[in-house]
Each structure stands twice: as C-alpha cells, then as structure tokens.
Amino acid sequence: MKRIVLFVLTNLAVVVVLGIVASLLGVNRYLTANGLNLGSLLVFALIMGFGGAIISLLLSKPIAKWSSGVQVIEQPRNADEAWIVETVRRFADKAGIGMPEVGVFEGEPNAFATGAFKNSALVAVSTGLLQGMTREEVEAVIGHEVAHIANGDMVTMTLIQGVMNTFVVFLSRVIGSLVDGFLSRGEQRSGPGIGYYATTIVLDILLGFLAAIIVAWFSRHREFRADRGSAELLGRKQPMINALARLGGMVPGELPKGLQSMGITSGVGKLFSTHPPIEERIAALQAA
C-alpha cells in the first residue's frame, strides 16, 4: 500500500508543479482566440501526464527510503540481515534481475519494493514482519516483492498513471471550453472566462478520482500476479498462502500521519484500495 500511495501523491505534486511552471513559461498556449487548439492541448496533456508519472517513478526509491526510514544493509551486521540479503539475492538471480538494494525499517508488519529500473530496485521489510512471521513466511513475502520488480510493475504503473493523467488534463479542458462557450454566447472576449476555469478545476478533481479508481484496479490485479510469482520463486504456493493468512491476523503497518486518510478499506473506498482482500488473494492462489 505504502509504495503506491507515495507514488500517486508524488505524481500529483509533480503534476501541480509542472502546471505552474508551464503557466510561467507560457508553454500552455493551447488557448487561442478561436478556442482550443486540440493538437497543442494534446501535446500539453501528454507532457503533463507522463512528465508527472515519470518523475514520480524516478523519485520513488529515495522518497520511499526517506518516508519509511529504511536502513539499507550495506554490510550485514548480524545473521538475520545476512539471511535477508541472501534470500533477496537468491530470488533476484532466479527471477533474472539485478540484485536490488535491501533494507530494513522499524514498524508494524509491512514490506515493499520500489524503483525505476529492474536492475536497481529496492526491497525493504519491516522489523514487525521479521518478528511476527516464520522464516518461510518472510521468504514468501520477499518473493512477492521480488516478483513485483521482475514483472516491471512500477513501470507499468507509471504508464497507466501517465495515460490517466493525460486523459484528465485533456478532457477537463475540452469540456471546460465547451461550458465556457455556452455560458458566454454572444459575448466578445479575448480569452476564457470563469466558466472555463471553474469547470476545469472541478473536472480535474472528479476525473482524478476516476483515474485513481482505474490505477487502484490495476494495483489489485498485480498483487494476484505477484502472489503467483512468489509461489513460482519458492517452487510451491503454501508458504505464500501461510504468509497471507498470517498477515490477515496482524495489524498492518500504518502509513505516515499525512497519508493515513488514504487508508480506505470499506464501502465505496474499496474502489480505491490498492490491495485485494486477503481472503480473495488466498483463494486465487489456491486455485492457481
């Protein structure tokens, strides 16, 4: 959950900054006296959409380290750290990817993998996970995270987020222009009016929620695939099933205080959930 929330929030922040910079530099010249220049608007939307997503991806690893307080294991200080590093190395070799950085962070049961490139990613596990699971179950969780890297999930997430961003920017401004034109019939103006700006802001928010639902749907889909990937790396699926069952009885790691409001788990919020229910993941893995 944490890596996805961080990615989405960073992406939103970068898009806002890109929008401000574009305005200051006059790059957003898709507005003309005759209305929208759709070609210029599409280019602007693509720059905004994919620019935000790509920059977010490139920043994902340092931001994850900073926000979670990850201590990267440069040289193992004890047998447990040596075992974690060796487990990640074994799975990375089997998955055909470069050795990721390996880290540990303080907190309740949690783990994540992130990074822009398969051969320079990061796998981090929490102290709560290490203390609350058997070694076989921790192996399964590490396999799950390595599978995310091997599947290229962060890059795919970036592409989907970029497409969604582009959709939001382009469509909100087209509809905003149409609404503004309807409200200003007969008026002589040199530029867009309040109808354009108000509609664009509202649609940026509403369409942004729709885009978030689609991104969350993909995130849930990739969790099933990473569960299967863990089973393949271990050569059997029971350890991952056991790990999921164990997680179902644990208190999950909390997000940073500024992100706690993103932890939606019920009602309409299920549409925004980045992870499927534990029961569904176990059933899917048993049926695989």
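Which helix is Ile 54 found in? I looked it up in this predicted model and found Ile 54 in helix α2, which covers residues 38-68.

**Entry 1: the whole chain**

I began with the overall make-up of the protein chain. I noted 9 helices and 6 strands. The chain has 288 residues, and buried residues make up 45% of them. I then looked at the surface: the chain exposes about 14400 Å², and carbon and sulfur atoms supply 63% of that area. For contacts, I took pairs of residues at least 6 apart in sequence; 74% of these contacts join residues at least 24 apart.

**Entry 2: Ile 54 and its patch**

I went back to Ile 54 and asked how accessible this residue is. Ile 54 counts as partly exposed because its relative accessibility is 42%, and partly exposed runs between the cut-offs of 20% and 50%. I also found Ile 54 in a nonpolar patch on the surface, together with Leu 58 and Phe 117. The three residues have about 310 Å² of accessible area together.

**Entry 3: Ile 282**

I turned next to another isoleucine. Ile 282 is found in helix α9, residues 278-287. Is Ile 282 buried or exposed? I have Ile 282 down as buried, because its relative accessibility is 15% and the cut-off for buried is under 20%.

I then listed what Ile 282 touches, leaving out residues up to four places away in sequence: Ile 241, Leu 244 and Ala 245. I checked one of these pairs further. Ile 282 and Ala 245 are 37 residues apart in sequence, yet their C-alpha atoms are 7.6 Å apart in space.

**Entry 4: helix α3**

My last stop was helix α3, residues 79-95. I compared its length with what its residue count predicts. At 1.5 Å a residue, its 17 residues should span 24 Å, and the end C-alpha atoms are 24 Å apart, so the two values agree.

I looked at both ends of the helix. At the N-terminal end, Asn 78 acts as a cap for α3, with a side-chain oxygen 3.1 Å from the backbone nitrogen of Asp 80. Just after α3, I found Gly 96 with a positive phi of about 75°.

Which residues of α3 are buried? I wrote down Glu 81, Trp 83, Ile 84, Val 85, Thr 87, Val 88, Phe 91 and Ala 92. I then traced what these buried residues pack against. The strands are β4 (101-105) and β6 (122-126), and the helices are α4 (127-132), α5 (135-150) and α7 (194-234).

Methods. Residues are numbered from 1 along each chain as its sequence is written. This is a predicted model: local features need pLDDT of at least 70, side-chain atom pairs count only at pLDDT 80 or more; totals for chains, interfaces and linings use all residues. Side-chain values use heavy atoms; hydrogens and water are left out. Patches are made of residues with over 30% relative accessible area and no salt bridge: like charges are joined within 9 Å, nonpolar side chains (Val, Leu, Ile, Met, Phe, Trp, Tyr) within 5 Å. Accessible areas come from the Shrake-Rupley method with a 1.4 Å probe; for residues, only the protein chains shown count as cover. A salt bridge is a side-chain nitrogen of Lys or Arg within 4 Å of a carboxyl oxygen of Asp or Glu. Helices (H or I, at least four residues) and strands (E, at least two) are DSSP runs, numbered from the N terminus. Buried means under 20% relative accessible area, exposed over 50%, partly exposed in between (1.4 Å probe, protein chains only). Contact means heavy atoms within 4.5 Å. The expected span of a helix is 1.5 Å times one less than its number of residues. A polar contact is a pair of N or O atoms within 3.5 Å; within protein, one must be able to donate a hydrogen and the other to accept it, and residues adjacent in sequence count only if both atoms are side-chain atoms.
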